Every structure is written in C-alpha cells, then in structure tokens.
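The exercises below ask the reader to examine a structure and reason through its parts. Please study the sequence and the model before attempting each task.

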Amino acid sequence: MTIFYFTSTGNCLAVAKKIGAKFPESKLISIPQVIDSSDLAFHDDIIGLIFPIYGFGLPEMVRRFMENAKWEAEYAFAIGTYGNMPGAAMRSVQRLASQKGNHFDYAESLLMVDNYLPGFEIDSEIAKLPGKQVDENLARIITDIDTREKQNATASILMRMITAGIGGGRFINVKQAQNFIVNDNCIHCGICAKICPAGNITVTDTVAFADKCEGCQGCVHLCPQNAIHMRNEKSTVRWRHPDVPLGEIVLANQRK
Ligand SMILES: Cc1cc2nc3c(=O)[nH]c(=O)nc-3n(C[C@H](O)[C@H](O)[C@H](O)COP(=O)(O)O)c2cc1C
Ligand code: SF4
Ligand code: SF4
C-alpha cells in the first residue's frame, strides 16, 4: 500500500500512520516531498490519499498533486479529515480523480479537531473530541479498506452549490500570510520555516513570508513560542495531534 498525505497539524499524518500500521509494508509519502517531481506515476496494490478538507474542498497543493499524478492500483481510497463540515469535498475529489483517468473506489470523511483558527477556538474543539468518536470511525474506515469496500461520496445539491460558491478550497491560500503577525516572543529558531509545506517562510533576524502560502496555518499552530498570530484568530490556543511529534511534521513538510 502507498499512502499519500498532506498535513499541517498532524491529523492526517496520525490517520496515515494508523492505517499504515494495519497494512504491513505500506509506504507513507508526504505530498510536499513529491509535488515538484516530474514523475508522478505510481503503482501499488492499494493507493490511498489522506488530506485535510479546506473550504469544503482540497488544499491547493493536493489539487495540484491530483491534477498531475497518475496511479495504477487494484484498489484506491481517499479520506478527507475535517473539523465541522466537509461540504462536497469527497465528491469533488472522486470526480477530479476520474477526470484525470484515475479512480477512488472508496471515499470517506473523518471528523477530527478543527484547526481553522479564524473559525474555531481550539479549547472548545478539543472538548468536542469525545463526541466525535475519531478512533471508532477510523477503525470502521480501516475495516472498509481491508475488505476493499466500495463507496461513492454523495452531497446534496444545496451542499454542492455552497461548495462551488465558496470555491471548494480554491481561494484559501490567497494572501493568507498577509494576515500573520509575528510578535516579540519569536526566538528565530526556524521551526516555522521547516514545517511549512510550501517553503514559504525565511527566518533571519525576522520571519518573512513569501507569496506561495498554502493557507494551512501550520506555522501558526506549531511555533514553539506561540509567536505567530492571525489577525482574525478566535483564540491563542494551538493544536498539534498528540500522536505526531513536531519532528515528524518537519520530516513530512520541510522542502529541500
Ligand atoms: C484553511 C483551512 C480551511 C479549513 N476548512 C475546513 C472546512 O471547510 N470544513 C471543515 O470541517 N474543516 C475545515 N478545516 C479544518 C481541517 O480540515 C481539519 O482540522 C483537518 O483535520 C486538519 O488536518 P491536519 O492536522 O492534518 O492539517 C480547515 C482548516 C484550515 C486550516
Ligand atoms: S517558529 Fe516561532 S519562534 Fe521559531 S522562528 Fe518561527 S516564529 Fe520565530
Ligand atoms: S506560510 Fe504558514 S500557513 Fe502558509 S503554507 Fe507555510 S506553514 Fe502554511
């Protein structure tokens, strides 16, 4: 099995690790590590994609990956992790795969902590976790994958219209970094630059954001000094999935 994933605060990597652990010899590939490759052809018995749902759609980098990758697999699955409402994201990802000559036999979304700081307070999100039954839902998904269940994502016409109206993740990254403020707690450790999946941050005696931001908010959540803030954040509490050490996010996201 080969699992492609994109993560900022570790939810998707935690899911990828859990699924990978159930299937011996599975290989986990972080999309930022392959996105610039000229050869995005893959072959395996099972291929999986795990991504965070952004604006009822896909992160732009995941969309670019989907537009350029070609895979051959006996069985392929897509899982979108989300925090409150998935919109028509899973339907969109299945359709995008078909348009590009690929396929997903199984598409499912998984409710986790919502890391979208302008919308949600992380404390309240963590308090909601028991009701979200993440482990139980993931166990069901793993069984479905193991038994090669087929499942097409559905979305009501209203949800499809709302998703199309807000662009399905397309405008998430536009000028996002202009919304960041780095305060005096910064110790110039360079972690934000290492965990940025877009290679969009340069740390010298200041922290500079270029114009390639993916809008993932990873730098805001993962700064060890909590020195990066969004002008419109709902709270100053941050999130990193407890099963994913910071070093694993660096390995996943650091651009060479
Ligand atoms: C820019 C952005 C947009 C998001 N949009 C949605 C959304 O439309 N619906 C939703 O339920 N969660 C949304 N989320 C929450 C993430 O999908 C969710 O927290 C995901 O599990 C994060 O995965 P990660 O930790 O692997 O990055 C958004 C998060 C970000 C940063
Ligand atoms: S991670 Fe935080 S403390 Fe380190 S350089 Fe970036 S903003 Fe500064
Ligand atoms: S600058 Fe911050 S929000 Fe933008 S892609 Fe990099 S880590 Fe994500």
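Three exercises follow, each with a worked solution, and they concern a predicted model.

**Exercise 1. The sheet**

Task: Determine in which order the strands of the open sheet are arranged, and which strands stand at its edges.

Solution. Begin with the order. The open sheet is formed by five strands, arranged as β2-β1-β3-β4-β5, and their pairing is parallel. Next, consider the edges. β2 (27-30) and β5 (106-111) each have a single partner strand, so one side of each is left without a neighbour in the sheet. From one strand to the next, the twist averages 20 degrees.

Now take one pair of strands. β4 and β5 are joined in the parallel sense over six bridges. Here Ile 79 is found opposite Glu 108 of β5. Finally, add the helix: α3, residues 60-68, lies across β1 (2-5), β3 (41-52) and β4, and it runs at about 160 degrees to β3.

**Exercise 2. Ligand 1**

Task: Establish how many residues surround ligand 1, and what percentage of its exposed area the protein buries.

Solution. First, list the surroundings. Ligand 1 is surrounded by 24 residues, the closest being Thr 7, Thr 9, Ile 53, Thr 81 and Val 113. By class, this shell divides into 11 nonpolar, 12 polar and one charged.

Second, examine the polar atoms. One oxygen atom of ligand 1 lies 2.6 Å from a polar side-chain atom of Thr 7. A polar backbone atom of Gly 83 is 3.0 Å from an oxygen atom of the ligand. In the side chain of Asp 114, an N or O atom is 3.3 Å from a nitrogen atom of ligand 1.

Third, turn to the area. Ligand 1 taken alone exposes 650 Å², of which the protein buries 96%. The elements giving two or more residues to the shell are α1 (11-22) and β4 (70-82).

**Exercise 3. Ligands 2 and 3**

Task: Describe the shells around ligands 2 and 3 by residue and by class.

Solution. Start with ligand 2. The residues around ligand 2 include Cys 186, Cys 189, Cys 192 and Cys 223, and also His 188 and Pro 224. Its shell has nine nonpolar and three polar residues, with no charged residues.

Proceed to ligand 3. Among the residues that surround ligand 3 are Cys 196, Cys 213, Cys 216 and Cys 219, together with Phe 180, Phe 209 and Glu 214. Its shell comprises eight nonpolar, three polar and one charged residues.

Note on methods. Residues are numbered from 1 along each chain as its sequence is written. Chains are lettered from A and ligands numbered from 1 in the order in which they are written. This is a predicted model: local features need pLDDT of at least 70, side-chain atom pairs count only at pLDDT 80 or more; totals for chains, interfaces and linings use all residues. Side-chain values use heavy atoms; hydrogens and water are left out. A residue is near a molecule or strand if one of its heavy atoms lies within 4 Å of it. A polar contact is a pair of N or O atoms within 3.5 Å; within protein, one must be able to donate a hydrogen and the other to accept it, and residues adjacent in sequence count only if both atoms are side-chain atoms. Accessible areas come from the Shrake-Rupley method with a 1.4 Å probe; for residues, only the protein chains shown count as cover. Helices (H or I, at least four residues) and strands (E, at least two) are DSSP runs, numbered from the N terminus. Ala, Val, Leu, Ile, Met, Phe, Trp, Tyr, Cys and Pro count as nonpolar, Asp, Glu, Lys and Arg as charged, and the others, Gly among them, as polar. Two strands pair if DSSP finds at least two bridges between them. Axes are lines fitted to C-alpha atoms, for helices over the stretch in contact, and angles run from 0 to 180 degrees between N-to-C directions. Contact means heavy atoms within 4.5 Å.
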